Amino acid sequence: ISDRGYTLVYTTPKDELKLFELEERAFDHAIIFPQKSKGLGPTLSPQELAKFVDAGGNILLGASTTAASSLRDFARELDVELGERDSLVVDHFNYDPSDTKHTTILSSRFTENKFILSKEVQDGAPIVYKGVGHSLGNSHLINPILGASRTSYSYDTKEEFEAAEDPWTAGTQTWLVSGVQARNNARIGISGSVELFSNAAFTTELEDGKLAGNQNFARDLTEWVFQERGVLRSFGLGHALANQSVAEILPTTYRVKNDVTFEISLQQYEAGKWRPYVASDVQLELIMLDPYIRTTLDVVSTSETSAKYSTTFMLPDHYGVFHFKVNYKRNGLSYIEDRAQITIRHFRHDEYGRFLSAAYPYYTATATTIIGFLSFCSIWLFNQSKHNVASCPKPDSSMMFRSLAYPARSFVSAPIRSFAAAAESPIRHDILIVGGGTAGINVSQQLKKVYELHGTQTPEISIIEKSDKHHYQPGWTLVGAGLKDKSELNIPMSEAIPEHVKHVKNYVSKLNPEESTLTTDDGITHAYKSLILCPGIRLNYAAVEGLKETMGRNGVASIYDYEFCDNVWNNVKGLEKGTALFTLPKGDIKCAGAPSKAMWMAEDYWRKSGRRGDISVEFCTALPKMFGVQRYSDVLKQMAQDRDVTPHFQTVLTKVNGEKQIAEFTTADGAKVQKKFDFLHATIPMAPHDFIKDSAVSNQAGHVAVDDKTLRSTKFENVWSLGDASSLPTSKTAAAVMSQTPILAHNFYNANHGKELNALYDGYTSCPLLVGYGKLVLAEFGYGGEIKESFAKYGVDQSKPSRWAYHLKKDIFPQAYFSLFTKGHWYGRNGLIRPRFE
């Protein structure tokens, strides 16, 4: 120790040694080796030793068979129980041959903690030890350093027995040397043997001719206790807005949802020098009582003496007093706890947008009303004298009746209409449903059930749908994986549409919600009392140049087009080597998880068939992460790392050259990137139907503008919508439709009977993520990505791939769809039980 630069002061228990002078520590460290003394003297009480540790002092204790009671009491304060008085550790299998009583034992049961003992000690010669053992409590501050072997035990040396009948400790319960690191980083080393540190032990020669490892062990132990190793410190804590550099004077106030950069530097004291400390598990917490954000800090730079960690994240939408906190605690290392206080404020009045994009319909309605009123007044005032009111033709009474019988229930006053009779009378419907997909068929069934439940006659229901077949579209992912034949997943439309529903086999070309009418492709006008819009969304091949021309050829396929979904499996089977690209476009898409399902199933097939090493798999997604909900995105991100899948975020397919097998992408910064492929699974971009987008029922995005909770149009009282065509801000899946249908049916009945719309939709949807053959992650969530896992209450973690969920998707759902879903017997998360709305 002297050679390492320490000044040593020797004293005996009889001396009145004072650890403090003027309430300050008189020594940096204390070594207490009272080998034969029964006490530590009047000034070294357990309370005084505890006070020394609280003040930051380090202590190395060496006990013996006659350890003083005050030393034992101090050890108990640390949750360490020294062996009974006059007891020794005995080992009849690992001992020094020169000791016939086997009380001088050999032990190489070292801690594996590299911050306490060096590799030289851990792999070196065993330790010669003669002394008392100790047992350890449950305190997380204790670090076991050296233990006895499983053949050891402790016994009272004064008892003359051939064997210990009731040893105090035995086997691996017996510890020889332990360390304690207090919360203030002060350290205490406890050894049950003073002889361990003696010259005799340092020079003991073992049977193999090598010296015992005591000297190197004592060196490492004292270095750790005296904080020459395993010491961390932090500095340079800073934070600033993401687009600014960290200044010397740190900001004290931020605004909600600000992007903030945080940084801190860490260094480790090792071999007499400060060196950079590099780790992957350093985390930052943003706390206000409880953590609001916990994120990992990444190493961004290193120097000869330190490593800088940094991260950028968005502050929560919550104002108040918060703390940035780095709390890093690892066994053997000194603890790091650094924090900085900030205030997060809400938006100031002048930071809100002066014109809200969501309010443009109201701005337009106000301006239109004012302009229309002024125009009407001007025409009336300046043209009244030129026309004879009596000469106006008398309106047709039948047209007046029809206009009054089917009023446009708009929240904005409809324009003044002419009473001139049309060439043909419109076909009239009580309830007109546009779309014969999952939503249209299911809602027609459940409307009838709701009316029957209340003992009321069901109004006449009609469905407009041109298709000849009704498809179970979620099953097309199974076709792409070779698990189903696509012919199994459809039935004739005539079988899908219920008997009580009239089928109008046509397409809609124009909506006139102000008139409560619509026009089909054959030019016929249909008038309605109530309109339910659920035509879904259409494939928009034009959004990707060259995609339509090469689809189904040149290694290009997609599970989103019934015509080509089986080509996916043919390409997967046929690909022996090369590059496979899987894309996810921006904007509207049915089941945004399906593109990754196709990828995971293909990757698993290639892996099982032994060709995965020759195939590069890349996922080009418009999203900034693997999935829209963070919980499942994290699972898929880890899966991508484990299965060597390369993701390209915010990368959108814009052009395909099928002949040359080149796909062109646009990145977030507008750059054009070309990729050669051997197989391209192209998720076809999608868009709203033109007849909805061009009508007054739509919002700016072209979807039917509905209330997020009641599913009623926000513009026309007699218009409703659900499914993919609606503006509902949730994932477009069949599971979402099943949960929306009972909501709409209940609210529709209440609205037409003067009751409150008390059924509220919470955005529930489900995406069964196929991630391999026999593996599925059952994602369930609602508005805002709120997790709504059905089986969580039974202790099931649905974010982990499972076989039972795989068979739900593969075997149960396809059969249940045609037997239950299309018959109106399925009520979303309630299953077969009709929900009750209070």
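**Helix packing and loop residues in a predicted model**

In this predicted model, the buried residues of helix α12 pack against four elements: α9 (476–480), β34 (556–557), α13 (594–608) and β41 (679–681). Helix α12 itself covers residues 565–574, and its buried residues are Cys565, Asn567, Val568, Trp569 and Val572.

One of these neighbours, α13, may be considered in detail. The axes of α12 and α13 come within 10 Å and cross at roughly 30 degrees. Angles under 35 degrees count as roughly parallel, and α12 is therefore roughly parallel to α13. The contact is formed by Trp569, Val572 and Lys573 on the α12 side, and by Ala602, Tyr605 and Trp606 on the α13 side. Sorted by class, the residues of this contact are five nonpolar, no polar and one charged. The handedness of the crossing between α12 and α13 is right-handed. Two of the contributing residues, Trp569 and Val572, also belong to the buried set of α12.

A second helix pair is formed by α8 (residues 438–453) and α16 (residues 734–751). Their axes come within 9 Å and cross at roughly 40 degrees. How are the two helices oriented relative to each other? An angle between the roughly parallel range, under 35 degrees, and the roughly perpendicular range, 65 to 115 degrees, counts as oblique, and α8 and α16 are therefore oblique to each other. Their crossing is right-handed. From α8, the contact draws on Thr438, Ala439, Asn442, Val443, Gln446, Leu447, Val450 and Tyr451. From α16, the participants are Val737, Met738, Thr741, Pro742, Leu744, Ala745, His746, Phe748 and Tyr749. By class, this contact has twelve nonpolar, five polar and no charged residues.

The record offers a further point of reference for this part of the chain. UniProt, in an unreviewed entry, places the feature "domain: FAD/NAD(P)-binding" at residues 430–733. Over that stretch, the chain is 23% helix and 28% strand, and the C-alpha atoms at its ends are 28 Å apart.

A third pair involves helix α1 (residues 46–54) and helix α2 (residues 69–77), whose axes are 9 Å apart and which pack at an angle of about 45 degrees. This angle makes α1 oblique to α2. Here, too, the crossing is right-handed. Pro46, Leu49, Ala50 and Val53 of α1 meet Ser70, Asp73 and Phe74 of α2. The class count for the contact of α1 with α2 is five nonpolar, one polar and one charged.

Attention may now turn to single residues, beginning with two that have a positive phi. Asp79 is located in the loop between α2 and β5 (80–82). The phi of Asp79 is near 70 degrees, a positive value in a residue other than glycine. Asp79 counts as partly exposed because its relative accessibility is 33%. Leu22 is likewise a loop residue, placed between β1 (20–21) and β2 (24–25). Leu22 is not a glycine, yet its phi is positive, at about 55 degrees. Is Leu22 buried or exposed? With a relative accessibility of 84%, Leu22 counts as exposed, because the cut-off for that class is over 50%.

Sequence separation and spatial separation can be set side by side for several residues. Glu659 lies in the loop between β38 (652–657) and β39 (662–666). Glu659 and Thr550 are 109 residues apart along the chain, and their C-alpha atoms are separated by 8.0 Å. Leaving out residues up to four places away in sequence, Glu659 touches Arg553 and Asn554. Glu659 is nevertheless exposed, with a relative accessible area of 63%.

Glu515 occupies the loop between β30 (508–512) and β31 (517–520). What distance separates the C-alpha atoms of Glu515 and Gln268? These two residues are 247 residues apart along the chain, and the distance is 77 Å. Glu515 is partly exposed, with a relative accessible area of 35%.

The last residue of this account is Trp804, in helix α17 (residues 803–819). Trp804 and Lys775 are 29 residues apart in sequence, and the distance between their C-alpha atoms is 8.3 Å. Apart from neighbours within four places in sequence, Trp804 is in contact with Leu778, Phe791 and Val796. Its relative accessibility is 37%, so Trp804 counts as partly exposed.

Notes:
Residues are numbered from 1 along each chain as its sequence is written. This is a predicted model: local features need pLDDT of at least 70, side-chain atom pairs count only at pLDDT 80 or more; totals for chains, interfaces and linings use all residues. Side-chain values use heavy atoms; hydrogens and water are left out. Buried means under 20% relative accessible area, exposed over 50%, partly exposed in between (1.4 Å probe, protein chains only). UniProt positions are given in the numbering used here, feature names are shortened, and annotations may be inferred rather than shown by experiment. Axes are lines fitted to C-alpha atoms, for helices over the stretch in contact, and angles run from 0 to 180 degrees between N-to-C directions. Angles under 35 degrees count as roughly parallel, over 145 as roughly antiparallel, 65 to 115 as roughly perpendicular and the rest as oblique. A crossing is left-handed if the near helix is turned anticlockwise from the far one by less than a right angle, and right-handed if clockwise. Contact means heavy atoms within 4.5 Å. Ala, Val, Leu, Ile, Met, Phe, Trp, Tyr, Cys and Pro count as nonpolar, Asp, Glu, Lys and Arg as charged, and the others, Gly among them, as polar.
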